[in-house]
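Could you walk me through a structure that is new to me? I would like to take it one question at a time.

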Amino acid sequence: MATEITLEVARYRPGVDSEPVMQSYQVPLREHWAILDGLTYVKDHLDGTLSFRWSCRMGICGSCGMTVNGEPQLSCATFLTDYAPGPIRVEPLHNFPVIRDLVVDIDDFMTKLPKVKPWIVREVQSPVEEGEYLQTPEEMDEYQQFSMCINCMLCYSACPVYSLEPHFLGPAAIALAQRYNLDSRDEGADERRDVLSSPEGIWACTFVGECSAVCPKGVDPAGAIQRYKLTAATQSIKELLMPRSLSSRRKG
Amino acid sequence: MTNSHDVVVVGGGGAGLRAAIAVAETNPALRVAVISKVYPMRSHTVSAEGGAAAVAAPDDTLDEHAYDTVSGSDWLCDQDAVEAFVAEAPRELLRLEHWGCPWSRQPDGKIAVRAFGGMKKKRTWFAADRTGFHLLHTLFQTALSYSDIVRYDEWYVTKILVDDGRAYGVVAIELATGRTETITANAVILCTGGCGRVFPFTTNANIKTGDGMALAYRAGAPLKDMEFVQYHPTGLPFTGILITEAARAEGGWLLNKEGYRYLQDYDLGTPTPEPVLRNMELGPRDRLSQAFVHEVEKGRTIDTPYGPVVLLDLRHLGAKLIDAKLPFVRELCSKYQNIDPVTELVPVRPVVHYMMGGVHTDLRGATPLDGLYAAGEVACVSINGANRLGSNSLPECLVFGNRAGRAAAVFAARYHREVPSSILAQGRDEERRLAAELGRRVEGHQRIADIRTEMQATMENGAGIYRDGDSLTKAAHELAELRLRFQHAGIDDHSTSFNTELIAWLELGFMLDVAECIIDSAALREESRGAHQRTDFPARDDERFLAHSLVRRQPDGTSRVGYLPVTITRWPPGERVYGR
């Protein structure tokens with residue numbers, strides 16, 4: 001095996017570069033080294049000016065999403081040896097404005113997230129002294145998968161709708177809405193309905209399924225969206241037949 | 001530029017978000033802000049795996065949780081703090097449940113609990129083995145429902161502003177733009193977590209650079225019990241990624257190279273096929289990590305390119321249990337070690353995991369500096385003493401995050417003052433300093449990473465699982481030299497846009513302060529207790545050292561260590577007994 005591999009890294013410094021330029025670095029090619037280890041090697045030994053986000057380096061904090069050879073990846077969970085002999089092209093996530101080098105601006109997601117009310121909504125909050133809201137393992141299974149989202153933005157980077165229609169709520173936000181809609185402790189499905197059923201919500205999705213394909217945590221946002229489309233369609237039909245107050249308590 | 005709030009929380013992890021919500025609930029009229037160097041859901045709480053302890057089962061009692069915590073701490077905790085902690089922990093975990101935390105359940109829908117190290121009863125609540133992740137995201141998403149909580153995401157705090165013994169806010173840099181701001185407040189709550197990155201091999205995320213400890217220390221608040229550094233017995237070699245204690249609680253075994261459950265040789269009980277509480281693999285972390293060192297000395301570990309390892313055996317648990325209770329362990333082993341724990345042994349070694357010490361606070365989270373509060377790993381109340389029990393840290397973030405938030409809210413309202421002009425002048429000075437540092441150009445400069453790497457090696461060699469007077473003296477000299485070199489460290493990046501090199505330089509300055517506090521506190525504690533093991537003073541010495549160390553910064557920048565008595569309410573110092 002070669003002892004080194006080339007990283008071709010997209011550089012962009014606002015005010016200096018008018019557009020991103022690629023810069024090549026030779027880094028050690030070692031077993032167990034993630035793309036992220038290659039980048040920190042660059043930062044520590046070759047070029048202190050390279051900027052990228054990272055923190056947990058164990059695939060759970062969601063900081064280090066990048067585009068690696070054209071695919072959105074967590075750079076801490078993608079390994080150099082899998083790309084040998086290289087070169088490996090490392091770019092910022094697509095579909096986001098670039099702040100600097102590999103750092104993208106995710107403010108749009110952070111602004112959209114509260115719109116889907118990703119928290120427990122209940123008419124009456126029981127005092128904690130009365131103990132837990134009971135929830136069987138089967139009831140947990142209903143939403144467990146959608147609760148695994150680490151907000152890494154890989155799904156937005158892969159989503160062809162988001163690239164064309166920036167108003168689209170996007171896969172992770174909708175999956176999180178469904179995570180609460182499907183939680184037996186929650187009664188907020190009605191409050192989330194307007195935003196989810198709006199043109200920027202589920203109906204914008206053309207079900208390409210790229211979001212689920214790139215999700216590093218198996219969340220399946222595409223499945224969440226499809227399931228909600230079915231719920232929303234059923235709901236509209238029901239509402240023609242009966243008043244909203246009677247049909248609104250159904251989950252999902 | 002100046003911004004103003006009533007309460008400013010520094011750090012957006014478990015303790016910080018809990019504190020912010022507590023402020024908002026205590027007094028909705030208060031303007032509260034959370035300043036964090038990462039988006040809150042990236043905070044290191046996200047990496048906690050195994051669980052959160054709180055009495056829940058009918059056969060368990062608060063006294064038993066308290067006793068386990070006190071004996072686990074080698075009697076260095078404050079027992080009034082522990083009593084408050086165990087009493088409030090169940091309520092906090094239930095509150096998280098009401099906020100949507102997906103705690104694992106029993107078939108009847110009630111909360112499930114699992115065993116954990118050093119605990120005599122099953123009382124650890126868990127969300128599979130991603131407890132910290134679920135806890136953090138539940139808190140973050142719940143905090144979004146409080147629209148009045150202002151967030152400064154990706155802002156880095158460089159200084160606490162103090163006038164006449166009272167904190168009045170901070171100065172921070174916005175990473176995206178390089179803009180510096182003086183952010184004033186009538187109370188500041190530090191929730192910045194620990195400092196594992198001071199050491200070379202750690203479970204801690206890149207962001208755990210002891211910022212809050214150093215900020216408080218520079219502002220004049222003392223740091224307590226800094227010599228107590230927890231090594232978790234099971235980290236993956238090379239990466240240092242944590243393999244949760246829950247793996248042993250569910251029945252995993254630790255084997256040496258001969259396939260022998262070596263813990264039986266270290267007064268931790270006799271091996272049984274099923275896990276037994278406070279026995280063998282369910283002993284406390286300090287004792288297990290120390291046993292590893294002795295196995296190395298006996299030549300019974302396996303050498304790897306990343307140091308000696310022992311083996312964690314989960315094979316007998318079977319795929320079904322592992323997938324249900326330890327799915328993240330399987331994912332991490334597969335991804336980072338190319339190993340499937342269902343069929344293969346997992347190589348592990350002790351890894352720096354947690355700081356028992358931190359900013360000295362009382363039971364309300366208040367530091368000796370008026371208006372400055374701290375909670376979570378950055379703080380030392382102390383419930384952890386000389387050794388923290390696994391699964392006590394998440395509830396600590398919640399219980400004391402809540403307490404600090406409530407106390408700070410009351411303080412900010414009751415002692416509301418106009419911010420003195422001297423504070424604004426200090427803020428301007430700090431903003432000018434930061435602008436100068438950004439332009440920092442030094443001829444033939446030292447690389448930040450080189451100094452950092454040498455500091456980490458110094459800490460491992462000088463203040464590892466076992467220390468002695470010589471190793472600590474040597475470390476103190478090396479740190480002094482590294483400090484000089486740090487003065488000559490330059491940066492290549494002079495951009496105002498997301499300048500991570502400037503941040504790394506500021507973090508290194510903080511880490512050097514924290515490292516010095518650890519070494520100086522360890523050098524003066526001439527006894528062995530919990531995680532602080534001195535080969536030249538192998539016994540516990542209650543006569544001289546049943547006391548907290550308090551390290552203060554002197555005007556000349558050097559540290560001075562003093563002592564504070566331990567609070568004992570109901571459990572007089574005794575022998576730590578495990579496995580018998």
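Here is a short conversation about the domains, a sheet and the contacts.

Me: Before we start, what kind of model is this, and how are residues and chains labelled?
Reply: Residues are numbered from 1 along each chain as its sequence is written, and chains are lettered from A and ligands numbered from 1 in the order in which they are written. Local features need pLDDT of at least 70, side-chain atom pairs count only at pLDDT 80 or more, and totals for chains, interfaces and linings use all residues, as this is a predicted model.

Me: Glad to know! How far apart are the centres of domain 1 and domain 2 of chain A?
Reply: Domain bounds here come from an automatic or database domain assignment. In chain A they give domain 1 (4-104) and domain 2 (107-247). Taken over C-alpha atoms, the centres of domain 1 of chain A and domain 2 of chain A are separated by 31 Å.

Me: Which elements give two or more residues to the side of domain 1 of chain A that touches domain 2 of chain A?
Reply: Two residues are in contact if their C-beta atoms, placed from the backbone, lie within 7 Å. Domain 1 of chain A brings eleven residues to this contact and domain 2 of chain A brings 13. Helices (H or I, at least four residues) and strands (E, at least two) are DSSP runs, numbered from the N terminus. The elements giving two or more residues on the domain 1 side are E3 and E4 of chain A.

Me: Which strands stand at the edges of the open sheet in chain A?
Reply: Two strands pair if DSSP finds at least two bridges between them. The sheet has five strands in the order E2-E1-E5-E3-E4, with mixed pairing. Each edge strand has a single partner, so one side of it is left without a neighbour in the sheet; these are E2 (21-28) and E4 (71-74) of chain A.

Me: Within E5(A), what is the bridge partner of A:Val68?
Reply: Strands E3 (residues 65-68) and E5 (residues 88-91) of chain A run antiparallel and are joined by two bridges. In E5(A), the partner of A:Val68 is A:Val90.

Me: Which helix gives the most to the side of domain 2 of chain B that touches domain 3 of chain B?
Reply: Chain B is divided into domain 1 (2-230 + 354-424), domain 2 (232-351) and domain 3 (440-541). Five residues of domain 2 of chain B are in contact with five residues of domain 3 of chain B. On the domain 2 side, four residues come from helix H7 (residues 285-297) of chain B.
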